[in-house]
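Q: I would like to learn how the features of a model are read, one by one. May we begin with the overall dimensions and then proceed to the helices and the contacts between chains?

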Amino acid sequence: MGSPFLLAAVSLLSALHMGYLARRVGLSRMAHKVLPPDTTGPAQFERTFRAHQNCVEFYPLFLVTLWTCGVFFSEVPAAAGGLAYMIARQIYFNGYVKSTKKRIPGFYLTLVVLFTLFLLGLTGVVRGLLHQYFHIYI
Amino acid sequence: MGSPFLLAAVSLLSALHMGYLARRVGLSRMAHKVLPPDTTGPAQFERTFRAHQNCVEFYPLFLVTLWTCGVFFSEVPAAAGGLAYMIARQIYFNGYVKSTKKRIPGFYLTLVVLFTLFLLGLTGVVRGLLHQYFHIYI
Amino acid sequence: MGSPFLLAAVSLLSALHMGYLARRVGLSRMAHKVLPPDTTGPAQFERTFRAHQNCVEFYPLFLVTLWTCGVFFSEVPAAAGGLAYMIARQIYFNGYVKSTKKRIPGFYLTLVVLFTLFLLGLTGVVRGLLHQYFHIYI
């Protein structure tokens with residue numbers, strides 16, 4: 001493959017997106033007068049805080065699946081999956097801020113995108129392992 | 001080196017493992033009726049929650065040491081270390097769910113694996129730096 | 001480019017630094033007698049805990065921008081930015097342990113370094129995309 005410029009672009013965009021979500025928590029702190037280091041307060045602040053935490057927990061998993069899919073399967077589908085993941089995360093985040101129940105659709109969408117990236121990446125990696133260690137070409 | 005298929009396979013597996021541990025927190029939420037965004041509740045839920053959080057905190061450190069060791073030292077030992085890390089994390093997690101004290105053995109095992117990956121990776125990187133910037137071959 | 005030994009060295013160092021900050025939280029737990037899985041207690045412990053959490057949240061963003069800048073723009077400035085980021089994080093951490101207000105200068109310094117790495121990386125990636133997909137050389 002050539003240099004993975006698309007994967008790098010999507011990764012930079014996702015880092016910016018994560019920065020934006022962290023900023024949303026900061027704005028929610030101000031709006032609800034919850035000073036650091038506190039992480040409890042009005043329900044809407046707590047939902048915003050947890051929404052961000054969940055994004056933080058999944059971000060390294062996203063990066064692993066994005067790059068594995070992009071390098072070992074195919075770059076363009078991986079980059080498209082990366083954009084879909086960010087959209088799914090934004091739907092999840094916006095939903096969670098509104099109510100605990102409204103986090104569900106975005107969360108499932110997130111999982112679908114993540115699993116798709118995972119399975120495509122796995123396909124490429126298994127094909128590579130069979131080739132490299134067993135000289136089997138599929 | 002050829003394409004790092006083994007490192008990619010171990011990374012995908014570790015992402016799946018992290019997803020599994022996140023799922024365990026979700027199941028613990030249901031079992032103990034702790035609804036999001038709450039993160040406090042019965043002691044067993046809180047231990048499960050913290051066990052996962054600790055895994056989340058260390059996951060990027062694990063990825064950095066895994067790939068540095070695998071790319072700059074040697075791939076097979078790094079992949080073996082990656083599998084050992086997942087086993088250590090599972091022992092830690094299962095122990096922590098049972099009691100705060102039982103998290104200790106798995107945690108130390110985790111640190112031993114992480115330090116081994118770190119030191120092997122450092123060996124490869126220092127050798128590379130000496131070669132590239134000082135023309136010293138060791 | 002040759003093998004990115006400098007980026008790997010800075011990444012290993014940053015992983016060690018993150019391990020050190022996690023250790024600081026552990027020491028603060030002992031000093032203030034806050035047993036896991038609790039995360040609340042004396043104000044100084046809570047600030048130490050949150051300072052570490054903030055470092056954890058930003059660490060994957062740091063790795064993405066460090067490597068994008070180093071691979072797609074230039075390695076030496078990226079490595080220098082990586083060292084600056086660690087210093088900024090340490091200033092942030094030490095400040096936050098003392099008081100909530102004293103976290104501010106280190107935090108802004110962190111953001112300045114992160115944005116610099118981001119913009120340099122973006123420059124390299126956009127140049128690469130223009131070249132690869134539009135045959136435009138700038």
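Q: What radius of gyration does chain A have, and what would a compact globule of 138 residues have?
A: The model is predicted, and the general idea is to compare the radius with that of a globule of equal length. A compact globule of 138 residues would come near 14 Å, whereas chain A has 18 Å. The box filled by the C-alpha atoms of chain A, taken along the principal axes, is roughly 60 × 30 × 25 Å.

Q: How many helices and strands are there in chain A?
A: One reads the secondary structure along the sequence. Chain A holds 4 helices and 0 strands, and its pattern is α-α-α-α.

Q: Among contacts in chain A between residues at least 6 apart in sequence, what percentage join residues at least 24 apart?
A: Here one looks at the separation in sequence of the residues in contact. In chain A, 65% of the contacts between residues at least 6 apart join residues at least 24 apart. As to burial, 48% of the 138 residues in chain A are buried.

Q: How does the reach of helix α2 of chain A agree with the expected value?
A: The general idea is to set the end-to-end distance beside the one expected at 1.5 Å a residue. Helix α2 of chain A, residues 43–72, has 30 residues and spans 43 Å from its first C-alpha to its last, which is close to the expected 44 Å.

Q: Where does a kink lie in α2(A)?
A: A local bend is sought along the helix axis. In α2(A) there is a kink of about 35° at A:Phe58, shortly before the proline A:Pro60.

Q: Why is α2(A) described as largely enclosed by the rest of the structure?
A: One counts its buried residues, a residue being buried if 20 or more other C-beta atoms lie within 10 Å of its own. In α2(A), 27 of the 30 residues are buried, so the helix is largely enclosed by the rest of the structure.

Q: What rotation superposes chain C on chain A?
A: For copies of a chain, one reads the angle of rotation together with the shift along its axis. Chain C superposes on chain A by a rotation of 120° with 0.0 Å of shift, at an RMSD of 0.0 Å. The two copies are thus related as by a three-fold rotation axis. Of the residues of chain C, C:Pro60 comes closest to the rotation axis, its C-alpha being at 3.8 Å.

Q: What turn lays chain B on chain A?
A: The reading follows the previous case. A turn of 120° and a shift of 0.0 Å along the axis lay chain B on chain A with an RMSD of 0.0 Å. In chain B, the residue closest to the rotation axis is B:Pro60, at 3.8 Å (C-alpha).

Q: How many residues does the contact take from chain C and from chain A?
A: One counts each side, then asks which elements supply it. The contact takes 19 residues from chain C and 18 residues from chain A. On the side of chain C, α2 (43–72) and α4 (104–134) each supply at least two residues, and α2(C) has the largest share, 11 residues. By class, this side of chain C has 9 nonpolar, 6 polar and 4 charged residues.

Q: Why are chains A and C said to meet through different surfaces?
A: One asks which interface residues recur in the partner. Only 5% of the interface residues of chain C are also interface residues in chain A, so the copies meet through different surfaces.

Methods: Residues are numbered from 1 along each chain as its sequence is written. Chains are lettered from A and ligands numbered from 1 in the order in which they are written. This is a predicted model: local features need pLDDT of at least 70, side-chain atom pairs count only at pLDDT 80 or more; totals for chains, interfaces and linings use all residues. Two residues are in contact if their C-beta atoms, placed from the backbone, lie within 7 Å. Ala, Val, Leu, Ile, Met, Phe, Trp, Tyr, Cys and Pro count as nonpolar, Asp, Glu, Lys and Arg as charged, and the others, Gly among them, as polar. The expected span of a helix is 1.5 Å times one less than its number of residues. The bend at a residue is the angle between axes fitted to the seven residues ending there and the seven starting there. A residue is buried if 20 or more other C-beta atoms lie within 10 Å of its own, exposed if 12 or fewer, and partly exposed in between; C-beta atoms are placed from the backbone. Copies are superposed by least squares on the C-alpha atoms of residues with pLDDT of at least 70 in both. The radius of gyration is taken over C-alpha atoms; the globule rule is 2.2 Å times the number of residues to the power 0.38.
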